[in-house]
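Please examine the sequence and the model shown below before reading on. The explanation is meant to be followed alongside them.

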Amino acid sequence: MSSKIINHFLNSVLDIMPQLGFSNIEKKDVFIKESSIKVDGVMLNLGVVGDIKGNVIYNMSEDDAKKVASKMMMGMPVLEFDNMAQSAISELSNMLTAKASIKLEKEGINTNISTPTLTHGRDFEVKTNTDKIISSEVLVDDISIKVNIAFE
């Protein structure tokens, strides 16, 4: 998988988060891991089909998800990860993945994305259909968002 394609998905966080009011955004190292992701908190899984196929999986702690949801809802306190907070985080994953998809489309790479599947809980593992996952952490105002890309 081309690093240019991967970077569109990683950089979408850098493009979208300032629009939501976040100011300090730092992309950490990119690394390759095996075909599973361990999650303790919130995971959003979006399918990608077209010229490239696979999944983009975002994960963060439940506390961090509540902080992001609060910011997206104009600072309204989010004390529990309820339906409203889940909807906000799901919309964020749509925005991030759609931004990358639009950039790819401009380069002649056709993609469609699925609606996100949100899963949350303690200490669970997600396996992908690929051998390797490209992964990076992005710190957004000290909130950790992990971006995992698993393409064929």
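The paragraphs that follow treat the strands, the nonpolar cores, the aromatic pair and the salt bridges in turn.

The model is predicted, and its side-chain atom pairs count only at pLDDT 80 or more. A convenient point of entry is strand β6, residues 133-140, where six of the eight residues are buried. On one side of the pairing scheme, β6 and strand β1 (residues 25-33) are joined in the antiparallel sense over seven bridges. Within that pairing, Lys33 has Ile133 of β6 as its bridge partner. Strand β7, residues 143-151, also runs antiparallel to β6, and seven bridges join the two. Here Val138 is matched with Ile145 in β7. The connection between β6 and β7 is a hairpin with two residues between the strands, and Asp141 in the turn has a positive phi of about 50°.

The nonpolar interior comes next. The largest nonpolar core contains 39 residues, of which Phe9, Met17, Val68, Ile89, Leu92 and Phe151 touch the most other members. At least two residues of this core come from each of α1 (3-16), β2 (36-50), β3 (54-60), α2 (62-72), α3 (83-106), β6 and β7. The greatest contribution to this core is that of α3, with seven residues.

Two members of the core illustrate how its parts meet. Leaving out residues up to four places away in sequence, Met17 touches Phe22, Ile25, Leu92, Val140 and Ile145. A separate core of eight residues lies apart from the largest one, and Val39, Ile57, Ile133 and Ala150 are among its members. Val68, the second example, belongs to helix α2. Val68 counts as buried because its relative accessibility is 1%, under the 20% limit. Its contacts, again without neighbours within four places in sequence, are Phe22, Met60, Ile89, Leu92 and Ile143. By contrast, Val68 and Ile5 lie 26 Å apart, C-alpha to C-alpha, with a sequence separation of 63 residues. Phe22, a contact of Val68, also has Lys71 over the face of its ring, at 5.4 Å from the ring centre.

How many aromatic pairs does the structure hold? There is one aromatic pair. It is formed by Phe9 and Phe151 in an edge-to-face arrangement, with 5.4 Å centre to centre and 65° between the planes. Phe9 is in helix α1 and Phe151 in strand β7, so the pair links distant parts of the chain, 142 residues apart. Both rings belong to buried residues: Phe9 has a relative accessible area of 1%, and Phe151 has a relative accessibility of 9%.

The charged side chains complete the account, with a total of eight salt bridges. One of them joins Asp15 to Lys103, whose closest N and O atoms are 2.5 Å apart. This pair also links distant parts of the chain, since Asp15 is in helix α1 and Lys103 in helix α3, 88 residues apart. Asp15 is partly exposed at 27% relative accessible area, and Lys103 is partly exposed at 26%.

Another salt bridge is made by Glu26 and Lys28, with 3.3 Å between the closest N and O atoms. Glu26 is partly exposed at 39% relative accessibility, as is Lys28 at 33%. Lys66 and Asp63 form a further salt bridge, at 3.5 Å from N to O. These two residues are separated by about one helical turn because they are three residues apart in helix α2. Lys66 is buried, with a relative accessible area of 15%, whereas Asp63 is partly exposed at 49%.

Notes. Residues numbered from 1 in each chain as written. Predicted model: local features only at pLDDT ≥ 70, side-chain atom pairs only at ≥ 80, totals over all residues. Heavy atoms only, no water. Buried < 20%, exposed > 50% of the residue type's maximum accessible area, 1.4 Å probe, protein only. Helix = DSSP H or I, 4+ residues; strand = E, 2+ residues; numbered from the N terminus. Pairing = 2+ DSSP bridges. Core = buried A, V, L, I, M, F, W, Y, C linked by side-chain atoms within 4.5 Å. Contact = heavy atoms within 4.5 Å. Phe/Tyr/Trp six-rings, centres within 6.5 Å; stacked < 30°, edge-to-face > 60°. Lys NZ or Arg CZ within 6 Å of the ring centre and 35° of its normal. Salt bridge = Lys/Arg side-chain N within 4 Å of Asp/Glu carboxyl O.
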